[in-house]
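I opened this notebook to keep track of what I looked up, one topic at a time. The entries follow the order in which I went through the chain and its ligand.

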Amino acid sequence: MRQSKLFTKARREAPADEVSKNAQLLVRAGYVHKEMAGVYSYLPLGRRVLENIERIVREEMDAIGGQEIRMAILHPSEPWKQTGAWDSVDVVFRIASRTEKEYTVGQSEEEIVTPIAREYLASYKDLPVAIYQIGQKYRDELRAKSGIMRGREFTMKDMYSFHETQEDFDRFYAVVKEAYLKIYACLGLVAKATEASGGAFTTKLSYEFMVLTDAGEDDILYCNHCSYCVNAEISAQKEDDACTRCTKGSLARAKASEVGNIFDLGTKYAKDFSFTYKDKGGKDQYPIMGCFGIGISRLMGVMAETFSDEKGLVWPESAAPFAVHLVALGRDGGDDISKASDALYEELRRAGVDVLYDDRPLSAGEKFAESDLLGIPKRIVVGKEAVATDVFEVVERKTGTVAKVPRKNLIVS
Ligand code: ATP
Ligand code: MG
C-alpha cells in the first residue's frame, strides 16, 4: 500500500490521556484510536496486526479440531440468570430496553454455547466436540488504564469443549495447552503456564498463560530452574522459597500479563441447562465441559510493550502489519528515485511481498523516524546511491543492522 494513501498519520507527540506504553505507541503510530477508556477502534495498521494474531490462533485451533462459529453478541438475560452470572459476575453489562426486557452483551459465552451444544450433541457418538469463536467481548471493568491490555471492549478467542469422560477432557486439555504455547512462541513471546484457582464457578485448578512484563496486572512466582509457575495472589509460597516441583531452583517474583487461560468447568453448565447425552448404555449423562480463552487484543498490547524501544514499535514478522517498509527518498514523484522506487514497489508486490511504500514528499529524517515508530521488520531504502548502483540499503528494525543488497536479491532477501 502507498503511504500517501494511508489515511492515518503518525503523530510526533504521545497522546496526553494515555499512561500505558502500549497505548501511547499505538495511538501515536496510528494503529488504534481511543474512543474512551478501555475502548479502541483499530485502524488499518492495527487491524492488520490484530488479524495476523487471529490467523495464527485460528490455524492452531483448527489444527486441534476446533470448529469455528460466531455467536451472537447481544444476549437475552434469561440464560445469564439461569447460571447465576447475571447477579454474581461483576463485569456483566446489564442493558435495559424499551421493550422492558433486559439484555447483556457477551463477556464470555458459556450461557450461549451450552444451549447451542445441547441442541446437537445428543449421543456419546457426538463427543468430543470443541467449538470456538474469535470476536468482541464486553466487560464492565473498573480499571482501564492499561491501554488495549484491559479493554471494556476487547477481542478474545473463546473455545468450549464437551467430553464424555474426565480422561478425555484431560487429554484435550493437554493438547490445548501445547497449542497455546505454540501460538505464543509464534508471536515471539514466552508465556509461562501458571497454576491458578479455577475461576468463578469451580474449585478445580486452571492454567493461566503469563507473559512477564512490567505492564502486567498480575504477580507471579516462577522457578528459576524448571517451568513451575504460580499466581502469587493465591499461593502460600513466596519469593526465594525453594521450588516444590524440581527442588533445585528457587522462586522469583515478577509482574506478568495473562494472555490466555484454560479451565475445567466440570458439569456446572451442563447441569444449569439440563444438557445430557445418551452414553453407550443408553443412560443420560452430563458432559464435562472445558473453556479456553486467549486475549487477542491484549496480546497485541503485550507485544507493543515487549517489542518496542525508544524509537517506537518493533513487530516480529508473524504479527507485523507489513513485511517490508519501502522508503523512497525522492521528492516530487517524477524524479529518478521515485521512478525506481515505483518500479521496485510493483516488483515486490508481484512477488507477493506485503509492502508499505512511503512515497510521500518528506525529508529522509522524517521518513526514517516514522518508519522506526511504525516498527515494520524490514526497511528498504531507495536513495540516489541505490538508483546509481542498483544496490539497496536494507535495515532490520530490531537490530538496526544495515545490509547492502543488490536488486536481484531483494525479493528473496
Ligand atoms: P483478568 O484476570 O486479566 O481480568 P480474566 O481472568 O477475567 O482476566 P478470562 O475471563 O479468562 O480473563 O478471559 C480470557 C482471556 O481474555 C484472558 O486470559 C485475557 O487474556 C483476556 N482478557 C480478559 N479480560 C480482558 C480485558 N478486559 N481486556 C483485554 N483482554 C482481556
Ligand atoms: Mg477479569
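**Entry 1, a strand register.** I began with K378, and found that it stands opposite E396 in β22. The model I am reading is a predicted one, and I keep that in mind for every value below. The pair K378 and E396 belongs to a ladder in which β21, residues 378–382, and β22, residues 391–396, are joined by four bridges and run antiparallel. On to the next strand: β22 also pairs with β23, residues 402–406, in the antiparallel sense and over five bridges. For the register here I noted that V394 has A403 of β23 opposite it. The hairpin formed by β22 and β23 has five residues between its strands, and within this hairpin G400 takes a positive phi near 80°.

**Entry 2, R379.** I stayed in strand β21, where R379 lies, and asked whether R379 is buried or exposed. Its relative accessible area is 11%, under the 20% that I use as the limit, so R379 counts as buried. I then looked for a polar partner, and found the side chain of D372 in polar contact with the side chain of R379 at 3.1 Å. Leaving out residues up to four places away in sequence, R379 touches H325, V327, F368, S371, D372, E393, V394 and V395. Two of these names come back from the previous entry or the next: V394 is the residue opposite A403, and D372 is among the buried residues of α10.

**Entry 3, helix α10.** The contact to D372 led me to this helix, which spans residues 364–374 and in which K367, E370, S371, D372, L373 and L374 are buried. What do the buried residues of α10 pack against? I listed two helices, α1 (21–28) and α2 (44–63), together with the strands β18 (312–313), β19 (324–328), β20 (355–358) and β21. After α10 comes G375, and I noted a positive phi near 80° for this glycine.

**Entry 4, backbone exceptions.** I went through the backbone with the usual expectation in mind: most residues other than glycine have a negative phi, and most peptide bonds are trans. Which residues depart from it?

- D390 is not a glycine, yet has a positive phi of about 65°; I located D390 in the loop between α11 (384–389) and β22, and with a relative accessible area of 37% it is partly exposed.
- D240, also other than glycine, has a positive phi near 75°; its place is in the loop that runs between β12 (229–231) and β13 (251–266), and at 62% relative accessibility D240 counts as exposed.
- The peptide bond from L127 to P128 is cis, with omega near 0°; P128 sits in the loop between α5 (110–120) and β7 (129–138).

**Entry 5, a three-stranded sheet.** I next traced an open sheet of three strands, and read its order as β4-β6-β5 with antiparallel pairing. β4 (74–76) and β5 (95–96) each have a single partner strand and stand at the edges, so one side of each is left without a neighbour in the sheet. Between β4 and β6, residues 102–105, I found three bridges in an antiparallel arrangement, and for the register I noted H75 opposite T104 in β6.

**Entry 6, ligand 1.** I closed with the ligand, which is surrounded by 13 residues, the closest being R139, E141, G151, E258 and N261. I then checked side chains for polar atoms facing oxygen atoms of ligand 1. For E258, an N or O atom of the side chain is 2.6 Å from an oxygen atom of the ligand; for N261 the corresponding distance is 2.4 Å; and a polar side-chain atom of R298 lies 2.9 Å from a ligand oxygen. Ligand 1 has 580 Å² of accessible area on its own, of which the protein covers 83%. Which elements give two or more residues to the shell? I found β8 (153–163) and β13, and β13 gives the most, with four residues. Sorted by class, the shell holds four nonpolar, four polar and five charged residues.

Conventions:
Residues are numbered from 1 along each chain as its sequence is written. Chains are lettered from A and ligands numbered from 1 in the order in which they are written. This is a predicted model: local features need pLDDT of at least 70, side-chain atom pairs count only at pLDDT 80 or more; totals for chains, interfaces and linings use all residues. Side-chain values use heavy atoms; hydrogens and water are left out. Two strands pair if DSSP finds at least two bridges between them. Buried means under 20% relative accessible area, exposed over 50%, partly exposed in between (1.4 Å probe, protein chains only). A residue is near a molecule or strand if one of its heavy atoms lies within 4 Å of it. A polar contact is a pair of N or O atoms within 3.5 Å; within protein, one must be able to donate a hydrogen and the other to accept it, and residues adjacent in sequence count only if both atoms are side-chain atoms. Accessible areas come from the Shrake-Rupley method with a 1.4 Å probe; for residues, only the protein chains shown count as cover. Ala, Val, Leu, Ile, Met, Phe, Trp, Tyr, Cys and Pro count as nonpolar, Asp, Glu, Lys and Arg as charged, and the others, Gly among them, as polar. Contact means heavy atoms within 4.5 Å.
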